[in-house]
Amino acid sequence: MTVQLQMLGTGDAHATNYYNNNGLLLSPGYNLMIDCGTTAPLALEAAGRSFREVDAVLITHTHSDHAGGLPELARLTHAGSGRKMTLLAAGPLLESLRESYRKSLTGKSASPRSLDEAFEVTPLEPATPHTLSAEVTLELISTPHIRGKDSYSLLLNGDIFYSADMIFQPEFLLKLVRRQGVRKIFHECQLTGPATIHTALSDLLTLPQDVRSLISLMHYSDQKPEFEGKTAEMIFMEQHVVYPL
Ligand SMILES: Nc1ccn([C@@H]2O[C@@H]3COP(=O)(O)O[C@H]3[C@H]2O)c(=O)n1
Ligand SMILES: [Zn+2]
Ligand SMILES: [Zn+2]
C-alpha cells in the first residue's frame with residue numbers, strides 16, 4: 001500500500017524550533033491534513049507542499065496548535081482556488097470550531113464569513129471506520145486529554161494508531177497491539193516533568209519492548225536534541241521527512 005506520512009511539524013504548542021504537530025497523510029489521489037495548527041499554512045510551504053495538494057483536513061481537537069490555522073487555510077483556499085476543502089471532525093467539535101472561526105474574522109477581511117462557507121464541513125461518527133479514499137480508512141477514537149474537552153485519536157487503515165494529545169493509556173496501547181494488530185504507533189510525547197494532560201516520555205518507556213518498538217514520537221518540545229539516544233526503541237519523527245506506512 002502506497003500510503004505515506006509527512007509531518008508538517010513535530011513540535012508541541014510552545015516549540016519554537018518545530019512547527020505545530022500536524023501531519024499530511026499522502027496517498028495516490030488523496031491527501032489528508034491531520035490537524036491544522038496556527039503554523040500549518042507556513043509549515044506546508046516549508047515542507048514544499050501547497051494547500052492545493054490537500055483534499056481534506058481533519059481536526060483531532062480544538063487547541064490552537066491543532067486547529068488555529070483553519071482561518072488562514074480557508075483564506076488561502078478561497079483566494080487561491082475558490083474551492084471548498086473538506087473539513088472532517090467529530091460532531092462534538094464542530095460548535096467550538098465554528099465559534100473560533102467566527103471570532104477570528106476581522107471586519108475588512110475577504111475571508112469566507114463562516115466555517116461552513118469556508119469548508120465542506122463533514123461530521124464523522126466516532127468509533128466507526130470511514131472510507132475516505134481507495135487507500136485510506138479512518139476511525140476516530142475518543143481519548144482523554146483535558147477534562148470536558150473532546151479529543152479524538154486516529155486509527156488509520158485499521159492497523160496504524162496516531163495519537164491526538166492524550167493522557168497515557170497503557171492498557172489501551174497494549175490492547176491495540178496485542179488484540180487489534182496495530183503495527184505502528186505515532187504518539188505524542190512530553191519530554192520533561194510529570195504529564196497531566198499529555199503522555200510523558202517516562203510513561204512510554206514503561207511499556208513492554210515489543211510495544212515500544214512500534215512507537216514513533218511526535219509533539220515534542222525544543223529540548224528534543226537532549227533526548228536523542230534516551231528513548232530506547234522509540235524513534236523521534238522528524239518534521240518534513242516522508243515516512244512510508
Ligand atoms: N502554560 C501553558 C500550558 C498549556 N497551554 C495550552 O494547553 C494546551 C494543552 O494541549 P496542547 O494541544 O499541547 O496545547 C496546549 C496549549 O494550548 C498553554 O497555553 N499554556
Ligand atoms: Zn497539542
Ligand atoms: Zn491539546
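Two strands count as paired if DSSP finds at least two bridges between them. In this predicted model, S10 and strand S11 (residues 184-188) clear that bar, with 3 bridges in the parallel sense. Within this pair, Tyr-162 has Phe-186 of S11 as its bridge partner.

That pairing belongs to a bigger picture: 7 strands make up an open sheet with mixed pairing, in the order S7-S8-S9-S10-S11-S12-S13. At the edges sit strand S7 (130-133) and strand S13 (235-236), each of which pairs on one side only. As background, strands of a sheet pair through backbone hydrogen bonds, and the sense can be parallel or antiparallel.

At the S7 edge, the neighbour is strand S8 (residues 136-142); S7 and S8 run antiparallel and are joined by 3 bridges. The chain gets from S7 to S8 by a hairpin of 2 residues. Here Thr-131 faces Thr-137 in S8. At the other edge, strand S13 holds Ile-235. With a relative accessible area of 45%, Ile-235 is classed as partly exposed, because that class covers values between 20% and 50%. Ile-235 also gives a feel for how the chain folds back: Ile-235 and Phe-186 are separated by 49 residues in sequence, yet their C-alpha atoms are 9.8 Å apart in space.

Further inside the strand order comes strand S9 (residues 152-156), which carries Ser-153. Ser-153 has 0% relative accessibility and so counts as buried. Its side chain does have a polar partner: a polar atom of the Ser-153 side chain lies 2.9 Å from the backbone nitrogen of Ala-164.

Now for the metals. The zinc ion (ligand 2) is held by four protein donors, namely Asp-65 (OD), His-66 (NE2), Asp-165 (OD) and His-219 (NE2), at 2.1 to 2.3 Å. Read along the chain, these donors show the spacing D-H-x98-D-x53-H. A second zinc ion (ligand 3) lies 3.7 Å from the zinc ion (ligand 2), and Asp-165 coordinates both. Asp-65 and Asp-165 bring together distant parts of the chain, 100 residues apart: Asp-65 is in helix H2 (residues 64-67), while Asp-165 is in the loop between strand S10 (160-162) and helix H6 (170-178). Both aspartates fall under the 20% limit for buried residues: Asp-65 counts as buried because its relative accessibility is 5%, and Asp-165 counts as buried because its value is 2%.

The two aspartates turn up again around ligand 1. The residues surrounding ligand 1 are Ala-13, His-14, His-61, His-63, Asp-65, His-66, His-145, Asp-165, Ile-197, His-198 and His-219. Sorted by class, this shell comes to 2 nonpolar, 7 polar and 2 charged residues. Several of these side chains make polar contacts with ligand 1. For Asp-165, a polar side-chain atom is 2.6 Å from an oxygen atom of ligand 1. For Asp-65, the corresponding distance to an oxygen atom of ligand 1 is 2.8 Å. His-198 joins in as well, with an N or O atom of its side chain 3.0 Å from an oxygen atom of ligand 1. Taken alone, ligand 1 exposes 430 Å², and the protein buries 57% of that area.

Conventions. Residues numbered from 1 in each chain as written. Chains lettered and ligands numbered in written order. Predicted model: local features only at pLDDT ≥ 70, side-chain atom pairs only at ≥ 80, totals over all residues. Heavy atoms only, no water. Donors = N, O, S within 2.8 Å, 3.2 Å for Na, K, Ca; no water. Helix = DSSP H or I, 4+ residues; strand = E, 2+ residues; numbered from the N terminus. Buried < 20%, exposed > 50% of the residue type's maximum accessible area, 1.4 Å probe, protein only. Near = heavy atom within 4 Å. Polar contact = N/O pair within 3.5 Å; in protein donor to acceptor, adjacent residues only side chain to side chain. Areas by Shrake-Rupley, 256 points an atom, 1.4 Å probe, with all protein chains shown as cover. Nonpolar A, V, L, I, M, F, W, Y, C, P; charged D, E, K, R; others polar.
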